[in-house]
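Let's take a walk through this structure together. Have the sequence and the 3D view open, and follow along at your own pace.

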Amino acid sequence: MSEDFTQDRLAKVERLRAAGIDPYSRGFKPTQSSESAKALLGEGDRTEPVSVAGRLMAKRPHGGLVFAVLQDGQGRIQLLAARDIIGEEQFARFADLDVGDIIGAKGPIFRTKRGEITLEVQSFQLLTKSLRELPEKWHGLKDIEIRYRQRYVDLIANPEVRSVFRARTKIITAMRGLLDERGFIDVETPVLQEIPGGGHARPFMTHHNALDRDLYLRIALELHLKRLLVGGFERVYEIGRAFRNEGLSPRHNPEFTMLESYQAYADYEDVMQLVEDLVVVAAMAADRPLETSYQGESVNLTPPFRRARMADLVLEFAGRHALGEELNDLFEEHVEPRLRQPTFVLDYPVEISPLARPRDDDPRFVERFELIILGREYANAFTELTDPIDQRARFEAQAAMRASGNVEAHPMDEDFVRAIEYGMPPAGGLGMGIDRLVMLLTDQPSIRDVILFPVMKAEA
RNA sequence: GCCGGCGUAGCUCAGCCUGGCAGAGCGGCGGUCUUUUAAACCGACAGUCGCAGGUUCGAAUCCUGUCGCCGGCACCA
């Protein structure tokens, strides 16, 4: 029973204190990680003493010996404590440690009879006493609810989960690196907004007490980044959290991470190349080959990706001509789920794209693309609308839809219109869902597997 | 919001269909053991069967409600 268990550990803490041992001590400085310590041995028999620190993950007492496994941020290393080496008293204290305790240990690295590279404990220090039992060593932690609610336990027990989040960081770093290299500057724009624009979604609402104003959490980054283009920054990007007040699914978390970038004097053709480059550097960062698979389905991320007009695809898959929202509806129903390999879907209907520039040769369509892989959307981009008169008319059309009950229609943003009345350079803009890209590149089935603390209801 | 599945020891799971003493492995606890690798062996312990109600002589098991998780749909990046 867990209460008894904690009581046992609490009693142990008291015994330690009574013996003059601080169960929450400090000051131990590791000189090596588990992995670098093991590498030190090389072909040798024995090294000089080194210090490592981490969490005890296994303990195998064997009479006058205790084998233990220490896990740190890099990996694991076996420890061997022997009564003959550290003496009766220290040996008893080592044997009294619990799996889950955080300790520091010092001693030479050697190889056991079975060939395991091991630190021979000459001294050790209890740094943090654990009061709770870790999940079982063999089956590990599988309960998906505990894994998400208590991610800290998941990260301790399931090393592969750590590697997913390391990959996530590497992917984002690599994407930033590419953008930085190309002269994009990394900016931060408001999360709390009076008018949640730049996308079609229901926002979260909050309230500022001192101002006595309702505010919204942003649903996209777009409109502020484009204001920066007006201001003279020619290449900007932001990687940040957006919030959408919608249902949850394996592909939707209410807060998620977007990359948006805007590049003056570019158009959506340029952005397609940028997206291809971003996908390639992200895959490399995640150690994922371009010819890969996701959940057992093969996918080839090698550029160039297929490019096809939405209207042509709808004709191909649905056998119909259509325009406007009907075209988009047919696309989503008949085409999107069947696009498995990376495909840039081009030229969306103007009606559903209030921020994109119309095609010069056919103003019923805009210069917009989405990148579809395995039936899912990974990027949305367009040549930006720079005509303030047209922009105001588009907003007014959206406002009319809003007035007739469409809660996701884009709200009027007078300040944004004012900004582009000063003049925004022609530009190509991009939005990418980082979480979904990480899912693809780490082969994780749910967005919750790539978000450290996904949204959950209150515990019962 | 709707539909379906799941919820049993710290962890991983049987048991539920067809009602009859609450089970296993691992972990933890006590012991033996000086080169183990899921160490091995011996021993004792471990439960609000998610929660509430109902049916029944008797409910983990059947029924109803409810909470949580998962999936699908709806909504939607």
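Start at Arg114, where a polar side-chain atom sits 2.3 Å from a phosphate oxygen of RNA strand B. Keep in mind that what you're looking at is a predicted model. Another phosphate oxygen contact involves Gly64, but here a backbone N or O atom lies 3.2 Å away from the RNA. With Gly63, the RNA partner is a base nitrogen, which is 3.1 Å from a polar backbone atom of that glycine.

Now zoom out to the whole surface around the RNA. How many residues are around RNA strand B, and which come nearest? There are 51, and the nearest are Asp84, His200, Arg244, Glu246 and Glu377. Sorted by type, the residues of this surface are 22 charged, 18 nonpolar and eleven polar. Looking from the RNA side, 61% of the strand B atoms within 4 Å of the protein belong to sugar or phosphate, and the rest to bases. As for where the surface comes from, α1 (2–18), β1 (50–62), β2 (65–71), β3 (76–82) and α4 (144–149) each chip in at least two residues. Helix α4 gives the largest share, with five.

Next, move along the chain to helix α10, which runs over residues 324–335. Its twelve residues reach 16 Å from first C-alpha to last, close to the 16 Å expected at 1.5 Å a residue. Which of its residues are buried? They are Gly324, Leu327, Asn328, Leu330, Phe331 and Val335. Look down the axis of α10 and you'll find these buried residues within an arc of 160°, so they line one face of the helix. They pack against α9 (310–318), β17 (343–346) and β18 (368–373).

Finally, a few spots in the backbone are worth a stop. Most residues other than glycine have a negative phi, and most peptide bonds are trans. The peptide bond from Pro303 to Pro304, however, is cis, with omega near 0°. You'll find Pro304 in the loop between β15 (297–300) and β16 (306–309).

Two aspartates have positive phi values: Asp287, at about 55°, and Asp347, near 65°. Asp287 belongs to the loop between α8 (268–285) and β14 (291–294), while Asp347 is in the loop between β17 and β18. Are they buried or exposed? Asp287 is exposed, with a relative accessible area of 64%, whereas Asp347 counts as buried, at 2% relative accessibility.

Notes
Residues are numbered from 1 along each chain as its sequence is written. Chains are lettered from A and ligands numbered from 1 in the order in which they are written. This is a predicted model: local features need pLDDT of at least 70, side-chain atom pairs count only at pLDDT 80 or more; totals for chains, interfaces and linings use all residues. Side-chain values use heavy atoms; hydrogens and water are left out. A residue is near a molecule or strand if one of its heavy atoms lies within 4 Å of it. A polar contact is a pair of N or O atoms within 3.5 Å; within protein, one must be able to donate a hydrogen and the other to accept it, and residues adjacent in sequence count only if both atoms are side-chain atoms. Helices (H or I, at least four residues) and strands (E, at least two) are DSSP runs, numbered from the N terminus. Ala, Val, Leu, Ile, Met, Phe, Trp, Tyr, Cys and Pro count as nonpolar, Asp, Glu, Lys and Arg as charged, and the others, Gly among them, as polar. The expected span of a helix is 1.5 Å times one less than its number of residues. Buried means under 20% relative accessible area, exposed over 50%, partly exposed in between (1.4 Å probe, protein chains only). The arc is that of the directions from the helix axis to the C-beta atoms. Contact means heavy atoms within 4.5 Å.
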